[in-house]
Every structure is written in C-alpha cells, then in structure tokens.
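Biologist: I am new to this structure and would be grateful for a close look at a single part of it. Please describe that part in detail and then place it in its wider setting.

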Amino acid sequence: MRLPSLKSPLTLAWLAALWMGLLSNWPLWQRLHSLPELANARGLVFIGVFAAMVVALQGALLSLFAWKRAIKPVLAVVLLTAASLAYFISSYGIVMDPTMVVNTLQTDARETRDLLSWRLFASLLLLGGLPIAWLWRRPLDSSVRWTRRLGFNLLGFVLGLVAAALLILSTFADFAATMRTYPTIRYMISPVNAFYSLGTVAARSGAKPKGPPEVIGADAKLAPRAEGSKPPLLMLVVGETARAANFSLDGYARPTNPELAKLPILNFSNAWSCGTSTAASLPCMFSPLGREAYGKSKGNQETLMDVLQRAGLAVLWIDNQSGCKGVCDRVPNTSTAQLPAGAAPLPQGLCDGEECLDMALLHGLDERLATLDPERVKRGVVLVMHQMGSHGPAYFKRAPADRKPFMPECTTNALQQCPREQVVNGYDNSIAYTDHVLASAIGWLDKKQAQFDTRMFYVSDHGESLGENNLYLHGVPYAVAPDEQKHVPLILWLGQDLAPVGECLKQRLAEPASHDNLFHTVLGFMGVQTSLYRADWDLLTPCRK
Ligand SMILES: [Zn+2]
C-alpha cells in the first residue's frame with residue numbers, strides 16, 4: 001500500500017480538513033471542554049470523537065473540490081474563513097447562524113473597522129496564512145486522468161461521510177444530549193457554519209418574491225381632528241443595543257438615567273424585542289404582524305413608514321447608523337451626516353467625518369421640519385431617529401469625553417482583553433449618553449407644544465450580552481438567546497393633551513410590552529385609521545376613554 005502522495009489535490013484537501021478541524025476550531029473544543037456535562041474522562045473522549053467527526057465531514061466536502069486548478073484557491077478561502085471565525089467566536093462567543101450572516105452582510109465599513117484588531121490579524125496569519133503558504137508551494141501531480149481523479153474524489157467524499165456518520169453513531173447519546181442542551185454549538189463548527197448559513201440566506205432571498213413589496217394599509221386615512229386641536233408630532237427613537245438590565249429606570253443599581261428620572265416619562269419595565277439583531281428586529285418592529293407572525297412571513301411587505309405616508313402625514317427617517325434595513329426606502333430619509341439647508345454647522349466634536357454621536361440626531365431639527373411638505377406637516381409629523389446608541393464592541397466611542405461618568409472604561413474592541421468592570425463602564429457610559437439624548441429630545445418636543453401635540457416613543461432594537469456566561473455582543477438565535485439580549489427599555493413621553501392618559505398608564509407600566517406594540521401604538525398616536533390597526537396592541541388602549 002502506497003502512502004497518499006503530497007502531490008495529490010485530495011491529500012491537500014484532507015490535510016486542510018485536519019488543520020481546520022483540530023486547530024481552527026479550538027474555540028469549539030474549548031467551549032465543549034468547559035461544559036459541566038463534559039468535564040470528565042467520558043467528556044474528553046466525546047470531544048475527541050466530535051473533532052474526528054468534524055474532520056471527516058469537512059474532508060468529505062473538500063474532496064469534491066480536489067481538482068488540480070481548484071484546490072489551492074478553495075483551500076485558501078476556507079482556511080482564511082475558518083481563521084477569522086476562530087477569532088470572532090473566541091472573542092465574542094458569537095455563533096455563525098443565518099441571522100449572523102445577514103448582520104455581517106449588512107454591516108458597513110465603519111462597523112467593520114470597530115471589529116478589527118491585531119488579534120484578528122494574528123489569527124488570520126497563524127491559522128490561515130501559515131498553512132496556505134505551505135500548500136501554495138506544493139507541486140501538484142498532473143499525470144492523473146480526470147476520470148480517475150473524479151473516482152478518487154467521490155471516494156473521498158463518500159468515505160468521509162460514512163466515517164462522520166459512524167463517529168456520530170458511536171457516541172450518539174452524548175451527541176444528541178449536547179445538541180439538545182446547546183443547540184447553537186453546531187453553528188460553531190467552522191467554516192461549514194459560515195457556508196451553510198450563507199447558503200441558507202441565499203436560498204431564502206432566492207425564495208423571496210421579486211418585485212415591489214406587498215401594499216399594506218391601502219385604506220389608511222386620518223381620523224378627523226377635533227375642532228381647534230393641534231397636529232400630532234411624534235418622535236420615534238429607535239434605540240440600538242440598549243438592554244433594560246442597565247437602565248436605572250428598570251432597577252439597575254448605577255445611576256445611568258439621571259436626566260430621564262427627573263422627567264414625567266412612562267417607563268415600561270417588562271418590554272421585549274422581536275429579534276436579537278438590528279437586521280432581525282428593525283423590519284419586524286415596523287411591521288403590523290408582530291413577532292410570531294412576522295417570523296413566518298416572507299418579509300416582503302410595506303412598513304409602518306409607508307402606511308403613515310399614505311395616510312397623508314409628513315414622515316422623515318433620520319439615520320445615525322448603518323441604514324434602515326429597507327424600512328424607510330420609500331419615504332423621505334436622511335442621515336446625521338447630511339445637514340438640512342439653513343442649519344448651523346455641527347458643534348465641534350459631534351461628528352468625526354465617519355461617525356456621529358447621537359446628539360447629532362437633534363441638530364437642526366427645526367430646519368429638517370422645514371424641508372417637509374407643509375400640507376402634510378399640518379396633518380401631523382413622525383420623525384424617526386435611528387440611534388447609534390450602545391453599538392458594540394467599541395462602547396467607548398458612543399459618548400463624548402465629558403459625558404463618561406463611569407471610569408475607567410475598556411478602550412479596545414477585544415472585550416475579553418479588558419476586566420469585565422471596564423467593559424460594563426464603557427457600556428454604562430453609552431446608556432447614560434442615551435439618557436441625555438432622550439431627555440434633550442423631550443426638551444425639544446416640550447418647546448414644540450405651542451405648535452403640535454407632541455409625543456416620544458423610545459424602544460431599543462435588542463439588548464446585549466456583556467460577558468454573562470462568556471457571551472458578548474448579541475445575535476444569538478432568539479429561541480436560546482439570554483434575556484439580556486431580549487429585554488429592552490421602552491419609554492413613552494406624552495404631551496399635555498395626553499396627560500390624563502399618562503396618569504392612567506402609570507398604573508400599567510409593569511404589564512408585558514414588546515415590539516409588537518410599536519406599529520399599532522404609533523397609528524393610535526397619529527390618528528391613522530386602517531383595518532390593519534389592532535387596538536389590543538396599542539399601549540394606550542386601556543387608558544383611552
Ligand atoms: Zn441593533
């Protein structure tokens with residue numbers, strides 16, 4: 001029997017599978033080793049079998065690409081993918097499921113820069129660059145006929161699959177138990193997780209109906225306003241990565257809400273998000289369907305913004321983040337970087353040319369109002385503020401130097417490098433800054449009361465993990481996500497005309513609330529009549545006469 005030749009593409013494919021299975025997946029082996037169920041000799045055997053299964057599975061798949069011209073580029077791509085995933089999985093405890101792929105694809109360059117670090121570079125170099133440099137210099141045998149090569153490759157594929165299946169069967173009880181208790185573990189197997197999830201996302205978007213989104217609320221119109229009443233002006237603030245657990249309004253021990261605490265706000269302490277990422281939550285929040293039905297829908301519907309505009313209101317989406325994920329595509333939208341005509345220049349330090357602090361959302365608001373159709377403004381206005389909020393991992397960039405009550409704070413993106421208190425300090429500073437932004441927004445709305453009946457609705461898109469169970473950031477699949485990623489702050493502020501409603505709502509602040517309430521509460525605020533409206537999902541319904 002001859003040893004497999006190093007000149008064979010198939011041998012290189014299996015060597016790469018071995019390298020990735022044993023080394024690039026070290027965060028997975030470390031994770032499994034840390035599970036209490038596996039902290040014994042039997043657990044070690046299981047982890048060994050699991051690793052062999054991963055090698056066999058990835059070897060099987062790579063066998064299909066074991067052609068002379070294809071193998072080196074293919075291996076370079078998978079090795080680099082696995083190397084970068086090793087970094088992100090070990091640094092943030094993230095898992096590469098389809099939702100995370102969507103997040104990644106929708107992330108803009110600024111956000112990407114927040115995630116880069118020398119540790120990522122080192123991971124790419126050691127786990128990716130090193131084996132690629134070796135592989136690239138292997139001469140490949142070109143004397144083998146393609147039919148024979150095809151035979152070898154198919155054999156490699158089948159034997160790999162059979163081996164993987166046998167390995168799973170040999171330890172099936174442990175395997176099934178582990179997968180049941182920790183369903184996200186399978187999304188830690190790199191790099192098949194990334195390619196599998198990417199494929200799922202591609203298949204889903206391929207299945208998405210083409211063409212314009214389905215029209216919703218075609219019957220939307222404004223209820224006649226009482227004689228002499230003012231048009232409503234709603235500021236809808238879409239928060240980012242703020243979790244209720246760190247709001248002193250929701251019982252957090254540190255004073256993260258000093259300004260809001262002094263204002264007559266209504267803080268719903270039992271509010272839950274629709275998703276655990278911006279890409280999942282945002283479209284769901286602006287849909288009439290609610291979390292359960294939205295999850296089953298094709299997601300190709302118009303949004304709250306379309307319905308408000310169709311009813312004849314003036315709407316404007318102001319973005320201070322990576323865009324509105326399709327929610328505001330057909331209505332007036334702008335960003336903090338684009339100042340309206342006539343506005344004063346931005347105060348020093350608010351924008352650095354790439355990113356703006358959230359106070360920039362409130363800059364030149366009167367001038368922005370003046371850009372809207374005056375006929376619509378007379379009927380009512382909805383301003384949506386899409387915050388940068390507490391977007392991680394660079395929490396320290398979310399508040400200006402003179403607004404950081406909690407020090408010292410973590411000033412690197414590699415959160416696991418910092419003591420946990422410093423990570424929390426940086427995060428809490430971003431929450432305290434959001435407190436200041438919201439209180440300032442209420443100050444502006446208060447002044448507008450001569451002209452409008454004003455209201456504010458603030459809710460965060462999802463929460464965040466700050467190292468609990470070694471988990472950072474967000475985006476864990478909803479069914480298994482910890483509460484920190486789903487329990488969000490939800491705050492209303494009502495103008496004078498709704499003062500009696502506010503008094504009544506104070507008794508109901510502990511009732512369950514969620515993103516499901518957003519669409520219908522906003523319709524109620526603005527007096528929009530449509531068959532879509534569900535009074536039972538309008539937060540104000542129990543207190544309206
Ligand atoms: Zn988000």
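Modeller: Leu-233, a residue of strand 2, stands opposite Thr-454 in strand 7. The model is a predicted one, in which local features need a pLDDT of at least 70 and side-chain atom pairs count only at pLDDT 80 or more, while totals for chains, interfaces and linings use all residues. Residue numbers start from 1 along each chain as its sequence is written.

Strand 2 spans residues 232–239, and strand 7 spans residues 453–460. Strands here are DSSP runs of E with at least two residues, helices are runs of H or I with at least four, and both are numbered from the N terminus. The two strands pair in the parallel sense over eight bridges; pairing requires that DSSP find at least two bridges between the strands. Strand 2 also pairs in the parallel sense with strand 6 (residues 381–386), over six bridges. Within that pairing, Val-384 of strand 6 is the bridge partner of Leu-236.

How is strand 2 placed with respect to its surroundings, covered or open? It is mostly covered, with eight of its eight residues buried. A residue counts as buried if 20 or more other C-beta atoms, placed from the backbone, lie within 10 Å of its own, as exposed if 12 or fewer do, and as partly exposed in between. In a regular strand the side chains alternate between the two faces of the sheet. In strand 2, Pro-232, Leu-234, Leu-236 and Val-238 point one way, whereas Leu-233, Met-235, Val-237 and Gly-239 point the other way, and all are buried.

The wider setting is a protein chain divided into domain 1 (9–207) and domain 2 (233–543), with bounds taken from an automatic or database domain assignment. The C-alpha centres of the two domains lie 38 Å apart. Their contact takes 21 residues from domain 1 and 20 residues from domain 2, two residues being in contact if their C-beta atoms, placed from the backbone, lie within 7 Å. On the side of domain 1 that touches domain 2, the elements giving two or more residues are helix 4 (71–92), helix 5 (98–106) and helix 6 (109–115). Helix 5 gives the most to this side, with five residues.
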